[in-house]
Amino acid sequence: MDKKIYAKLHSIGAYIPEKVISNEDLSKLVETSDEWITKRTGIKERRFAKASEAASDLATQAAKIAIQRAGITPSEIDMIIVATISPDFLCMPSTACVVACNLGIVGKPAFDISAACSGFIYLLALAKSFIESQTYKNILIIGAEKLSSILDMQDRNTCVLFGDGAGAAVITSTKEKDLAILDINIASNGQYQDFLITPGCGSRHPSSYEMLAQRMQFIKMKGNETFKIAVKTLSNDVVEILARNKLTQKDIDYFIPHQANLRIISAVGESLNLPQEKIALTIYKYGNTSAASIPMAINDFYEKGKIKTGSLLLLDAFGGGFTWGSALVHFGGD
């Protein structure tokens with residue numbers, strides 16, 4: 001009798017735009033300083049994509065790396081799912097369809113999801129379900145953001161936080177539980193939808209001169225309120241998923257949190273009593289890249305040689321919606 005089929009994180013890849021935007025650069029645009037930004041967020045710089053680059057371009061570059069590292073060809077990909085809040089087009093086509101075209105993939109399902117900064121964990125949950133039901137064999141998931149396209153460069157409370165980038169992974173099947181995605185928890189609470197929102201350009205506030213004059217096409221955030229809820233929610237979520245799987249922080253090789261704010265990451269890390277060397281930190285050089293944040297951080301540790309075959313990763317994210325999620329994932333690649 002065959003063993004149970006599990007989903008595994010088979011490969012990881014990322015694309016980082018070349019242009020570096022330092023805190024000093026932003027201080028020339030809004031009333032801020034390197035000291036102010038660093039103290040409150042831990043961010044020193046972030047990357048902005050070229051004007052000619054869209055989210056799909058970043059996603060395509062990350063996808064090519066992930067596919068190559070998986071040892072397969074684009075034609076072997078059965079499904080593409082992209083998580084983004086900065087898609088190429090407002091309504092259609094989906095960014096995933098554009099990426100599929102860029103990769104030469106035709107006749108396979110491709111669609112986007114919108115779960116903000118929790119997007120990659122939501123993608124993992126979807127891919128896990130499709131793989132373990134044996135509906136598909138190779139699923140390409142991508143978190144990709146060109147957040148510079150929806151930033152209000154007159155708002156110092158938001159424009160200093162975000163950057164551009166993409167991270168991709170190939171999810172495949174395995175019969176080995178020690179190489180599998182063990183567990184995923186995803187959740188939401190729309191009660192706080194106005195705490196982190198892009199209010200304009202949708203059906204609630206369609207495009208109009210008035211909407212544009214009020215700069216509603218850009219990200220708006222209630223920072224202090226979001227911070228308080230994020231710390232409490234994330235701390236509780238990681239404790240719950242560890243307990244559910246009868247694991248402790250000692251069983252975790254690396255903690256890969258969403259890179260939103262150094263103070264949030266530190267608070268959750270302290271609640272788990274994790275040593276600093278086990279916590280992935282890329283926020284200082286990339287800022288908050290929303291759905292791309294976690295795969296970019298995994299890739300950073302992978303390229304540094306820290307993540308090995310079988311390494312157990314604890315993922316944790318919180319984003320607009322509000323949405324949040326955590327995951328226990330073995331790295332199943334080489």
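Disulfides, then. In this predicted model the count is zero. Take C101: the nearest cysteine sulfur belongs to C97 and lies 9.3 Å away, so with a cut-off of 2.5 Å C101 is in no disulfide. C101 is exposed, at a relative accessible area of 59%. C117 is also unpaired, because its closest cysteine sulfur, in C159, is 16 Å off, too far for a bond. C117 is buried, with a relative accessible area of 7%.

Next, helix 3, residues 55–70. Helix 3 has 16 residues and spans 22 Å from first C-alpha to last, close to the 22 Å expected at 1.5 Å a residue. Its buried residues are A55, S56, L58, A59, T60, A62, A63, A66, I67 and A70. What covers them? The cover includes two elements from earlier and later in the numbering, strand 1 (6–15) and helix 4 (95–103), along with strand 6 (139–146) and strand 7 (164–174). After helix 3 comes G71, with a positive phi near 75°.

Last, a sheet. Four strands make an open sheet in the order 8-13-12-11, with mixed pairing. Strand 8 (181–188) and strand 11 (254–257) are the edges, each pairing on one side only. On average, neighbouring strands here are turned by 10° against each other, direction ignored. In which sense do strand 11 and strand 12 pair? Strand 11 pairs with strand 12, residues 312–319, in the parallel sense, over four bridges. One residue to look at is F255, whose bridge partner in strand 12 is L314. Helix 11, residues 293–303, packs on this sheet and touches strand 11 and strand 12. The direction of helix 11 makes about 145° with that of strand 11.

Methods: Residues numbered from 1 in each chain as written. Predicted model: local features only at pLDDT ≥ 70, side-chain atom pairs only at ≥ 80, totals over all residues. Heavy atoms only, no water. Expected span 1.5 Å × (residues − 1). Buried < 20%, exposed > 50% of the residue type's maximum accessible area, 1.4 Å probe, protein only. Contact = heavy atoms within 4.5 Å. Pairing = 2+ DSSP bridges. Axes fitted to C-alpha atoms, helices over the stretch in contact; angles between N-to-C directions.
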